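Visitor: I am new to this structure and should like to learn how to read it. Could we begin with the places where chains meet?

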Amino acid sequence: MGGFKNSKGSALDIINLLLAHYMKRFLGFVKKEFMHIFRDYRTLFILFGIPAAQILIFGYAVSTDIKNAGVAILDLSHDEITLKLTDKIFSSGFFKKTENLLNYNDIDKVFKKGKTKAVIVYEDDFGKKLIREGKASLSIISDGSEPNTATLITNYTTSIVNDFTMELAGPALKNSIRISPEVKMLYNPALKSHFMFVPGVITLILILICALMTSVTITREKEFGTMEVLLVSPLRPIQIILGKVMPYFFLSFINVLLILLLSWLVFGLPVKGSIILLLAECMLYIMMSLTLGILISTISKTMQQAIFISLIGLMLPTILLSGFIFPIENMPKIYDYVSSVMPPRYFIVIIKNIMIKGTGLTYIWKETLILIIMTLVFMGLSVRKFKIRLE
Amino acid sequence: MINVVESSDIAKSFGPIMALDDISFSVNESEIFGFIGPDGAGKTTLFRIITTLLLPDKGNMKVLGMNATTHYKELRKNIGYMPGRFSLYQDLSVEENLNFYATVFGTTVEENYNLISDIYSHIEPFKKRLAGKLSGGMKQKLALSCALIHKPRLLILDEPTTGVDAVSRSEFWDMLNKLRQYNITIIVSTPYMDEAIRCDRVALIQNGKILSIDTPQKIRAGFSRKLFTVKAIEKYRLIKTLKKNPEVMTAYPFGDSIHVTLINDSSDNSLFEYLVKEGISDAVIQEAEAGIEDRFLELMEKA
Amino acid sequence: MNEKVIYVKNLVKKFGSFVANDNLSFEVSAGEIFGFLGANGAGKTTAIRILSGLSKPTSGEVNVAGYDAYRQTEQIKKNIGYMCQKFSLYEDLTVRENIILYGGIYGMSKSLIRERLADLLAKLHFQEYENRMISDLPLGLRQKLAFSVAVLHDPKIVFLDEPTGGVDPITRRQFWETIYETASRGITVFVTTHYMDEAEYCDRISIMNEGKIVALDTPEKLKKQYNAASVEEVFIKIARPN
């Protein structure tokens, strides 16, 4: 019995020893990575300077066009005239009907679903009032978290309504009539366009730092020949990968805090939803980007290739296709499909929802799940593809 | 005596290029074994197979008694490897590089300091300097220290003397010699024939094939013909004139003279007469002992 | 034959307080093969940058190919060729494209380039490689071509930096024959290397140590003077006098 106990004790000891051994190796590796980072002042400056600069530069909106923007109708009157006007609005080609709402309470819900960018509300007895009193009012309520789209939808709708009034006034009625559209923005009442760029910048910066930096640091080892020695060493691929990932995970997270703090101090942008949920989602996205970076490094032989793939392959599509600048619904279907495999597209929805609309996980669980799956796929692929030998 | 490396019929190709073609050799314990051959001969590929970094297409590579393909994890703990480009982190200091490699191999600098003290003492005064700022000779010494820090049983050095000046190269070979006392087997490659003499045994390698394996002395002795050195002021004219003579089998420039072999070994007198007749009257012809390079040239001509 | 193409007297080059070249004086004749040796950091690179018009001396007299190294650096550059082991040809261009490119850089006329191209291909038995990428050529061929390109514009001096490092023995011999041939046409060949066996091929060699030229003579005389069997031994005796 005693012997048994003893051997069990020593087995545990060995496990502890091995663990300490492996940990030491691993921590030694992580320490070395931090040295690389902190010794390279220029990269460090870019790491923290660029996000700040982008937040400030992108503080201005870029004008865009709309097409097939989702619009819901809340028709409290439901008469011939409202039906006609609704018809005219949707036949213009700019809008696409998402839903018919029944009451005011539905407005918030339909916005949070995300497809609807504006809701048009006809007041009670819209048609009757228009014929009897010569004036009626409708409201255009739009989603201010996308200020460009919101402004454009409002303007287009107003001009369609004016057009409609003119037509109606011509042959049918001699009296002058007036429909007064009342414009209202939800979520971003002052229509500060900076707001939409903060999530965009976070999305872009994180994927760039994480994917670019990790892929460059791994390919650098290949180029300088140090990877050969690391491979010959008892370090496991997973230790090398995690050792590379850890420092950047840490730095990127600091970057997120920095951007949030900056946008709060400079633009007074608060985080409407749960800050913990936001940070957790950011961590998920950082992990996803890091694993993507490792995947890039396994397919590129030189730093140049890694930089090229990261910049052209990630930055441009992120800017152009993720809905960062150009609304996805304006894109031809093919781009829509392309963008659906782009992780930033989902993260931008998540972060906008949390920061600007203040929604919780119930509205963004699908996007979160997609990101989790992507992370796992990338991680699996890179551990598999990370070679224990040279090719 | 056990064989530290035993290679049988190793072959490896990259696309259409046959990098290694049926390579067989064995390395004895604590010997310095040299692979001598030009760039592109296959030295690096062979070393990568020995260090488990590449898999051979065919053949069997046994290192330290273990199969290099299946036992790579165990082997990697016992091999010290210095790749062709000194694999140092340029942005880390001398000290930090050494410490890093020690931790990665699960040891400390203190533990094996005696092994590297001879080498490391040369660069220790500069231990705070970044590796990227060291001279070629110092980089070479640091890389060697890093490769030795975990006390490997087998040390593999891929062209450690390339790009390093003559004094440092000579010091480097002295250091390798001293490592024998620790029972470390060393496999080293170099494109420079004159370094062959510093090895216990050498393999001449060219186009993925081993031309000859033996001690440097025996390889030189393998030269099959009489060798003459011919000197004259106008070297270019001398070479052209020699090559015109049908009696001359080979004429290669070798530093300040031309190494000549003749179809008929005893015709050196007639060679002198021939040169005078061709207008080269200042020629000095001497019989000489063949070097490794002469033998290499002879083997290449046959191949 | 005894025309001096490189004339250096009391050359000094300082970087701040650091003296990289300390009072160098030497001459090189037309058609001479001159070996310029020294350990890493001995000041070789600095001197060569001055000789090739890339950098100006601090003081002293330097004349290369008949031009002054202070004022006529552009003319110097037109009259020299340069080849180093690592980079000389564009790997992703064909043999033909490389030759045309270099001819163009040195301002040669189209007809002259075409003529030289044909000569060169014939001389090196290169015809079959004309349209092959440099990266597809064996190392030895690449080196021969790089040398031919360096002397394409008939410079007065060609600088070679470790020209035969890592090349197989036969190719190496062929390469030195090409160098001898070039020198016999009156082109000066200025070889820098820290491989002493390359130095043995030179007509004269100089050895630099800590910014100074400490030895300058034919390999044979230096070996006698230092009682050494090879230039390598001479070099080690100079660098480590004990």
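Guide: Certainly. Where chain B meets chain A, 34 residues of chain B and 29 residues of chain A take part in the contact. Please keep in mind that this is a predicted model.

Visitor: How much area is buried between chain B and chain A?

Guide: The size of an interface is often given as the accessible area lost when the parts come together. Here chain B and chain A bury about 2,800 Å² between them, and carbon and sulfur atoms give 62% of that area.

Visitor: How many salt bridges are counted between chain B and chain A?

Guide: The count is three. A salt bridge joins the side chains of A:Glu228 and B:Arg48, with 2.9 Å from N to O. The rule also finds nine residue pairs in polar contact across this interface, both residues being at pLDDT 80 or more.

Visitor: Which elements of chain B supply residues to the side that touches chain A?

Guide: Helix H2 (72-78), strand S6 (79-82) and helix H3 (94-104) of chain B each supply at least two residues. The largest share of that side, five residues, comes from H3(B).

Visitor: What should I read at the contact of chain B with chain C?

Guide: This contact takes 35 residues from chain B and 31 residues from chain C. The buried area is about 2,800 Å², of which carbon and sulfur atoms give 57%. On the side of chain B, the residues that lose the most area to chain C are B:Val167, B:Tyr192 and B:Tyr236, which together make up 21% of what that side buries.

Visitor: How many salt bridges are there between chain B and chain C?

Guide: There are six. In a salt bridge between B:Glu293 and C:Arg173, the closest N and O atoms are 2.9 Å apart. Eight residue pairs, both at pLDDT 80 or more, are in polar contact across this interface. Among the elements of chain B that each supply at least two residues to this side are helix H6 (166-179) and strand S12 (248-254).

Visitor: Which residues have the most contacts inside the largest nonpolar core?

Guide: In soluble globular proteins, nonpolar side chains tend to be buried together. The largest nonpolar core in this model has 143 residues, and B:Val5, B:Ile50 and B:Val63 have the most contacts inside it. Helix H10 (residues 275-299) of chain A gives the most to this core, with 13 residues. Apart from it lies another core, of 68 residues, including B:Leu275 and C:Val95.

Visitor: What share of chain A counts as buried?

Guide: Of its 391 residues, 51% count as buried. Chain A contains 14 helices and five strands.

Terms used
Residues are numbered from 1 along each chain as its sequence is written. Chains are lettered from A and ligands numbered from 1 in the order in which they are written. This is a predicted model: local features need pLDDT of at least 70, side-chain atom pairs count only at pLDDT 80 or more; totals for chains, interfaces and linings use all residues. Side-chain values use heavy atoms; hydrogens and water are left out. Helices (H or I, at least four residues) and strands (E, at least two) are DSSP runs, numbered from the N terminus. Buried means under 20% relative accessible area, exposed over 50%, partly exposed in between (1.4 Å probe, protein chains only). A nonpolar core is a set of buried Ala, Val, Leu, Ile, Met, Phe, Trp, Tyr and Cys residues joined through side-chain atoms within 4.5 Å. Contact means heavy atoms within 4.5 Å. Buried area is the accessible area (1.4 Å probe) that two parts lose on being put together, summed over both. A salt bridge is a side-chain nitrogen of Lys or Arg within 4 Å of a carboxyl oxygen of Asp or Glu. A polar contact is a pair of N or O atoms within 3.5 Å; within protein, one must be able to donate a hydrogen and the other to accept it, and residues adjacent in sequence count only if both atoms are side-chain atoms.
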